[in-house]
Amino acid sequence: MKTFLFLLITAIIALVPGSSIHAEEPSADKIIEMANDASYYAGKDGQASVRMTINDSSGDTRIREFMILRKNMDKKDQKFYVYFKAPADVRKMAYLVWKHVGGDDDRWLWLPALNLKKRIAPGDKRTSFAGSDFFYEDVSGRGTGEDSHELIKTDNNRYLIKNVPKDPDSVEFAYYNVWINRETFLPEKAEYYNKNGKLYRSVEAKKVVIIQGYPTVTESVARDLASGTSTTNKFENVKYDIGLNDKIFTERFLRRPPREVTR
């Protein structure tokens, strides 16, 4: 009888809103994998126009406008192509990424003013992207296997995951926390802590809309808390499953941009 009453009470409590008894949660590794898929793998390919606003500590702003193309390859590898349209000092600059899951990415930067194609070393992926508060790694994503993941907290809306680099000497942070939406699995905010345990950087999704059935971040902001600078990206004309040609994502098109980004 006692066993029956215990099971009955447990079942009733589980149905009460706000109860501390929940269905079994996915592991931290699984949550991060799903968040990575939601952030970077929507559709077979995709494109977006981006307006980047860089704010310095004195309140002055600079604007960058560019297009980004992305195509999924086999075994979750990906290719990204970024083409800058404005202002004049970065116009026609292009950035190409071949993302290799489980290995170092191949990255190139075309600087038309110098007539220079520059190979970006793996160690440079956590440096400023186009003079902004976003990093190169923010564009194509961080490998899910590069960190150890721990589920710290769960509420009705979000998961909180702590991520610690497996190779501490390869990055500038000691760890970062990321809040992930339980429904869309999109990361809502990431906060980075330095070797002294001090918060110094954050990246936040400010606006999310559904496009072609995919939850999509259409506004995000990165902040450097030490320098007082911030950068806001606004995404427009987002499209998925458009059938991008493989040849777009080659070194040849660094110098001669495809019509998909110039029209």
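**View 1. The largest cavity of this predicted model holds about 1200 Å³ of space.** Here we look at the enclosed space and its walls. Of the 50 residues lining the largest cavity, S39, Y40, D138, V139 and G141 come closest to its centre. Helix α2 (residues 28-40) supplies six residues, the largest share of this lining. Sorted by class, the cavity lining has 30 nonpolar, 11 polar and nine charged residues. The count of cavities of 30 Å³ or more comes to one.

**View 2. The largest pocket has a volume of about 420 Å³.** This view turns to an open site. A set of 25 residues lines the largest pocket, and H100, G103, K125, G143 and E146 are the ones nearest its centre. The pocket lining divides into 11 charged, 10 polar and four nonpolar residues.

**View 3. The largest nonpolar core brings together 26 residues.** Within this core, V82, F84, Y95 and F129 have the most contacts. Elements giving two or more residues to the core are the strands β1 (45-55), β2 (61-72), β3 (78-86), β4 (94-99), β5 (106-111) and β13, along with helix α3 (136-140). The largest share, four residues, comes from β1.

**View 4. Y95 and its contacts, with residues up to four places away in sequence left out.** Take a moment to find Y95, one of the core residues with the most contacts. Y95 touches F80, Y81 and V82, and also R107, W108 and L109. Its other partners are I120, F129, Y136, V139 and L254. Among these, V139 also appears in View 1 as one of the residues closest to the centre of the largest cavity.

**View 5. A second, separate nonpolar core contains 20 residues.** Good landmarks to look for in this core include A28, I31, V178 and Y200.

**View 6. Strands β11 (residues 199-211) and β12 (residues 214-224) run antiparallel and are joined by 10 bridges.** The two strands form a hairpin with two residues between them. In that turn, Q212 has a positive phi of about 55 degrees. Along the pairing, A205 stands opposite S220 of β12.

**View 7. β12 also pairs in the antiparallel sense with strand β13 (residues 229-240), over six bridges.** S220 is a handy reference point again: its bridge partner in β13 is N233. The hairpin of β12 and β13 has four residues between the strands, and G228 in this hairpin takes a positive phi near 80 degrees. β13 is also among the elements that give two or more residues to the core of View 3.

How values were computed
Residues are numbered from 1 along each chain as its sequence is written. This is a predicted model: local features need pLDDT of at least 70, side-chain atom pairs count only at pLDDT 80 or more; totals for chains, interfaces and linings use all residues. Side-chain values use heavy atoms; hydrogens and water are left out. On a 1 Å grid over the protein atoms alone, a cavity is a set of points where a 1.4 Å probe fits but cannot get out, and a pocket is an open set with protein on both sides within 12 Å along at least five of seven lines; lining residues have an atom within 4 Å of a point. Grid points are joined across faces, edges and corners, and a volume is the space filled by probe spheres set on the points. Ala, Val, Leu, Ile, Met, Phe, Trp, Tyr, Cys and Pro count as nonpolar, Asp, Glu, Lys and Arg as charged, and the others, Gly among them, as polar. Two strands pair if DSSP finds at least two bridges between them. A nonpolar core is a set of buried Ala, Val, Leu, Ile, Met, Phe, Trp, Tyr and Cys residues joined through side-chain atoms within 4.5 Å. Buried means under 20% relative accessible area, exposed over 50%, partly exposed in between (1.4 Å probe, protein chains only). Contact means heavy atoms within 4.5 Å.
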